[in-house]
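Reader: Could you take me through a few of the labels people attach to a model like this one? I would like to hear what stands behind each of them.

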Amino acid sequence: MVELQSITKGEIQERVDAYLKIFYRQSVKNAPAQHIYNAVTFAVKDLVSDKWILTHKVYNEQNVKLVYYLSMEFLMGRFLGNLMINLGQYDEIKNALVEMGIDYDAVEEAERDPGLGNGGLGRLAACFLDSLSTLGYPAYGAGIRYHTGLFEQRIENGYQVEYPDNWLKFGDAWGVKRIEYAQEIKFGGNVATFKEEDGRYRFTLENYSSVLAIPYDYPILGYKTNTVNTLRLWDSEAKNPFDLRKFNEGNYRQALEDQTLANVITEVLYPADEFIAGKELRLKQQYFFISATVQRVLQRHAQKGSDLISLPDYAQFQLNDTHPTVAVAELMRLMVDEYQVEWDVAWDITARACSYTNHTIMSEALEKWPLELFARLLPRIYMIVEEVNKRFCGRLIDKFHFGAERVRRMAIIADGQVRMAYLAIEGSHSVNGVAAIHTEILKTQELKDFYEIYPDKFSNKTNGITQRRWLAHANQPLACLITETIGDGWITDLDQLKGLMDFSDDHTFRSRFAQVKRQNKVNLAKYILDTKGIQIDPDAIFDIQVKRLHEYKRQLLNAFHILYLYNELINNPNLDISPRVFIFGAKASANYHKAKQIIKLINSIAELVNNDPIIGGTLKVLFMDNYRVSLAEKLIPAADVSEQISTAGKEASGTGNMKFMLNGAITIGTLDGANVEILEEVGQDNIFIFGMTAQESIDLARRGDYKPWDLYNSNPRIHAVLDRLIDGALAPNEPNIFRNLYDNMLGGHRPDEYFNLKDFESYREAQSQVDKAYMDKERWIRMAIANTARSGKFSSDRTIRQYADEVWHLPPVGISQDS
């Protein structure tokens, strides 16, 4: 481990006092928590900035190879606490603040979660950045500095209502504006073609509109290292933000019109795309941050005096899903048009510099753009994609002798669409899935055509999570117990948690492990009482499902099981089952109406169950609004049961399953995504698996002979559950509100598309086994310990080493104080 400079408590206190005086003309005694948070942030940022400057000094002097992790999302969570842990001075800084009379918990709570992501895609990117810095790999994250994030979710009358997520309301203490690296981004216009004297054609964009991309840099500090990599987020500004002439003429709105239009690009993550304007904005966003990033990388490479042929030796672009795929075409545009590189040479450089991670099995989620929109908004980019497609299809015919139907099936441009996933595959040297089963499904089904011609491109890189965030910070009592028991090596080598298995027979250790879990549940119960006014029993099973709301993730199946238990208790109030608290957290896309109706259903079930005196508190149901990283850090350490119940064959990997496992929750899940590998690690005695396999669900969908109506008629439990949707009990004032959910289960084009009813009985039985296991306290705590102890494989450190060794060929770089 590198020798680190430290700071004394007195120095921290002096800096906090100074920043309060300089920026707010206040002292600790009269400053609000938000101002104290900012002052503490500036003090911690002082420590980080020295390392940040040193890191990039070394990178520049050694002309190191860098990976650029391109992602539409970076779900970072709060910066302060995580940076304090990675500095190795969490306790020192916290104690210094406590001595000043500062409530440290209030300081952490004053930091708003950055509105930069939505779900697992963005959280994975954040974990990867932490691992890249901790392991010493030179890297940039590149994305967009959204002003109002996805949205702030509020629940009103049981419905999700979206409000702007004003995470920048109190400023941006961590971001550093780098105006010197601004880039011009061009949209629309027409392409003018010129023939040079040497016979080559040159292309120039004319009559375009443009904005400036302004980078904001955020520090990503590794754990107890001097390495500080950079998350670079691009904001949009007008080239001429204020027209004074129009203003003086009284045209005040027109005077600011250019800046207003520029702001739209970086205002919201995933704008609703039901209409063409929303689709256009999404494509603009993708091109905006990709063009800015690629322009800056090529400028930096040229400033080093390096030939572009060597670019892949110094820069690797990792495409995090299909959103950044336009990087393939933008690299080509810049090299061919701006740097005058021959097409074949430029294509070789591009393919060696780009690699693509696929995050979805669902073919409808593989991004496609309408041809007219793509060509109108990005005319030169479209010409390049057209040329790539022409050459690709020609090779399919000439080299592989494919017929017209297969060529159409694989074409990058076909059926009036630009298929971005296919462009990513063709333009990358590496394509990976994110769990073993996911990668196999890609190779044998969804991307089978491409795997057959490019088998060497495909590999698996099972996702991972950073233990620094999800254990060392989120669950400090458990982290302390583990360190006391086996040492602190697990913080950078999660495989060392296996050493806990040596203590699973130790009564004292088991007792302390159980005490930590119960205290976490007590803490969560208090938080829920304070924020929602609902009292829950810490001795009940805390059964938690928190993730993006989508039908394939089957929050609906969980809801059906709750209705089943409710029916059972109504019929037999003395039923011998463990008290259980069901906790949900999920955002539904603003225009995903069925998902939003499921949120309403869950809240209606909560209203019914929580207020029925016959139930007597045996069941409680809660929907935690505005799910985010800081809320996850409260929920996950308190979980007993981790719900990972997606339709088998639909979830690429999942990372929530890993976070729960690390914190000693027991998984109930299907053989989907990383659940398969969790089963391999913990063994069948420490997990509850149910439902169809991926192949069984795929085969059933293909046959098209699934008849949920037969299950409804033959299974009285399913019959009673579905009838609850329409009997008026869930919404006495709106008795038909859930009629369409009922109808979608039993009729329509694809009844019960995600097989909730098909897997219901298997799920019900697995939940019965959960109940029995929880009643055996000794067995349950051994299972919990086994899950924590065997979670080592799922560290993002392991995943990043695989990417670095097998995809990017990226060596680590040591940063010492003497550099």
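Author: Happily; what follows is a short set of questions and answers on a predicted model.

Reader: Let us begin with a strand. What makes both faces of strand 12 count as covered?

Author: Strand 12 spans residues 354-357, with Cys-354 and Tyr-356 on one side and Ser-355 and Thr-357 on the other. Each of these residues is buried. Buried means under 20% relative accessible area, so a face whose residues pass that cut-off is called covered.

Reader: How do you know that strand 12 pairs with strand 11?

Author: A pair needs at least two bridges. Strand 11 (residues 315-320) and strand 12 have four, in the parallel sense, so they qualify as a pair. Within this pairing, Gln-318 stands opposite Ser-355.

Reader: And what makes strand 16 a partner of strand 12?

Author: The test is again at least two bridges. Strand 12 and strand 16 (residues 430-433) share three, therefore they pair, and the sense is parallel. Here Tyr-356 stands opposite Val-431.

Reader: Now the helices. Why is the length of helix 6 called close to the expected one?

Author: The expected span is 1.5 Å times one less than the number of residues. Helix 6 (residues 120-134) has 15 residues, so 21 Å is expected, and its first and last C-alpha atoms are 21 Å apart.

Reader: What makes helix 6 mostly covered?

Author: Of its 15 residues, 14 are buried, that is, under 20% relative accessible area, so "mostly covered" fits. After helix 6 comes Gly-136, with a positive phi near 80°.

Reader: Which residues bring helix 23 and helix 30 into contact?

Author: From helix 23 (residues 593-610) come Lys-594, Gln-597, Ile-598 and Leu-601, which meet Asn-740, Leu-741 and Asn-744 in helix 30. Contact means heavy atoms within 4.5 Å. By type, the residues of this contact are three nonpolar, three polar and one charged. The two helices pack at an angle of about 115°, with axes 10 Å apart, and their crossing is left-handed.

Reader: Finally, why is Arg-25 called exposed?

Author: Its relative accessible area is 77%, and exposed means over 50%, so Arg-25 earns the label. Arg-25 lies in the loop between helix 1 and helix 2, and has a positive phi of about 55° without being a glycine.

Reader: How do you know that His-809 is exposed too?

Author: His-809 has a relative accessible area of 54%, which is over 50%, so His-809 is exposed. His-809 sits in the segment after helix 33, and its phi is positive, near 50°.

Definitions and conventions. Residues are numbered from 1 along each chain as its sequence is written. This is a predicted model: local features need pLDDT of at least 70, side-chain atom pairs count only at pLDDT 80 or more; totals for chains, interfaces and linings use all residues. Side-chain values use heavy atoms; hydrogens and water are left out. Buried means under 20% relative accessible area, exposed over 50%, partly exposed in between (1.4 Å probe, protein chains only). Axes are lines fitted to C-alpha atoms, for helices over the stretch in contact, and angles run from 0 to 180 degrees between N-to-C directions. A crossing is left-handed if the near helix is turned anticlockwise from the far one by less than a right angle, and right-handed if clockwise. Ala, Val, Leu, Ile, Met, Phe, Trp, Tyr, Cys and Pro count as nonpolar, Asp, Glu, Lys and Arg as charged, and the others, Gly among them, as polar.
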